[in-house]
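Trainee: Could you go through this model with me before I set anything up?
Mentor: Yes, let us look at it together.
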Amino acid sequence: GSLEEAVYPLFYGWFLTHKSQSHTKETGKKLLETLGELDEFKEHWGDFGGAASETRINLEEYFDGKGILHCTTKFSDYGKATGAQEYAELEAVKEFFSSAFHLQISGLFITPRTAGARVRLSDKQLEVWPADSEKEATLSEELPRGSRAHITLGCAKDVEAVQTGLDLLEFIRMEKEGDQDWAVKDTDQGKLRYFGKGMWMLELSEEVTVKTIFGGFYP
Ligand code: 2AM
């Protein structure tokens, strides 16, 4: 038998460099400022359970006390999650471990539960994207691989980070349906859409590129 036992991380993902983290947070904060000043946002403020006297969401709080910004590929749960071992053995995972990648952020979103950045993965990046990631989250529908890729920017109180990817998939489902009368607003950063139920998506007119390292989170 092998002398070495495999050590599985809590999760695998792309970890943003220090500089890219600050840049991403700044981009997120700009959206929050825009939202805070938007009449349409104030009209729908109730979605966030906000008190009537408050006019702006304290979205800055969303960005507090979080660990390093990252885009999770596989939640491995120290080897206990379904498919954790198979994932660790993927050729691409072994080959690209500790390698640098540029990720493209194509949008930002806010819901009453989470704030996140939508990530557009390249074909090479999809090689380390688990085959069943979208299926695991959406029981009925087939969504393109990589649809769930995101960077959690923050969560509301008592909300687990896993929710951010589920919120993103909900946006994508609504986009696909496509026949709703969404409010659209042009902003400095791009097109801002309101999907109802407190769900706001900013489609960035210029994608943000962030530097990352692919690896595992072990603590
Ligand atoms: P996130 O990717 O949306 O940020 C540690 O909890 C990390 O693993 C977090 O980044 C978290 O969410 C992600 N995570 C937790 N549980 C998960 C799950 N069941 N499926 C996918 N990702 C999960």
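Mentor: We will take the ligand, then the cysteines, then a patch on the surface, keeping in mind that this is a predicted model.

Trainee: OK, which residues are around the ligand?
Mentor: The residues around the ligand are Phe11, His70, Thr72, Phe75, Arg148, His150, Thr152, Ala161, Val162 and Thr164.

Trainee: And what lies 2.5 Å from an oxygen atom of the ligand?
Mentor: That is a polar side-chain atom of His70, while an N or O atom in the side chain of Thr152 is 2.7 Å from an oxygen atom of the ligand. For Arg148, a polar side-chain atom lies 3.4 Å from a nitrogen atom of the ligand.

Trainee: How much of the ligand does the protein bury?
Mentor: Taken alone, the ligand exposes 470 Å², and the protein buries 76% of that.

Trainee: Switching topic, how many disulfides does the structure hold?
Mentor: It holds zero disulfides.

Trainee: Why is there no bond for Cys71?
Mentor: The closest cysteine sulfur to that of Cys71 is in Cys155, and because the two are 14 Å apart, they are too far for a bond.

Trainee: Are those two buried or exposed?
Mentor: Cys71 counts as buried because its relative accessibility is 0%, and Cys155 is also buried, with a relative accessible area of 13%.

Trainee: Last one, which residues make the nonpolar surface patch?
Mentor: Val7, Phe97 and Tyr218 make that patch, which covers about 280 Å². Val7 is found in the segment before β1 (11-16), and Val7 counts as exposed because its relative accessibility is 63%.

Methods
Residues numbered from 1 in each chain as written. Predicted model: local features only at pLDDT ≥ 70, side-chain atom pairs only at ≥ 80, totals over all residues. Heavy atoms only, no water. Patch = residues over 30% accessible without salt bridge, like charges linked within 9 Å, V, L, I, M, F, W, Y side chains within 5 Å. Areas by Shrake-Rupley, 256 points an atom, 1.4 Å probe, with all protein chains shown as cover. Salt bridge = Lys/Arg side-chain N within 4 Å of Asp/Glu carboxyl O. Helix = DSSP H or I, 4+ residues; strand = E, 2+ residues; numbered from the N terminus. Buried < 20%, exposed > 50% of the residue type's maximum accessible area, 1.4 Å probe, protein only. Near = heavy atom within 4 Å. Polar contact = N/O pair within 3.5 Å; in protein donor to acceptor, adjacent residues only side chain to side chain. Disulfide = S-S within 2.5 Å.
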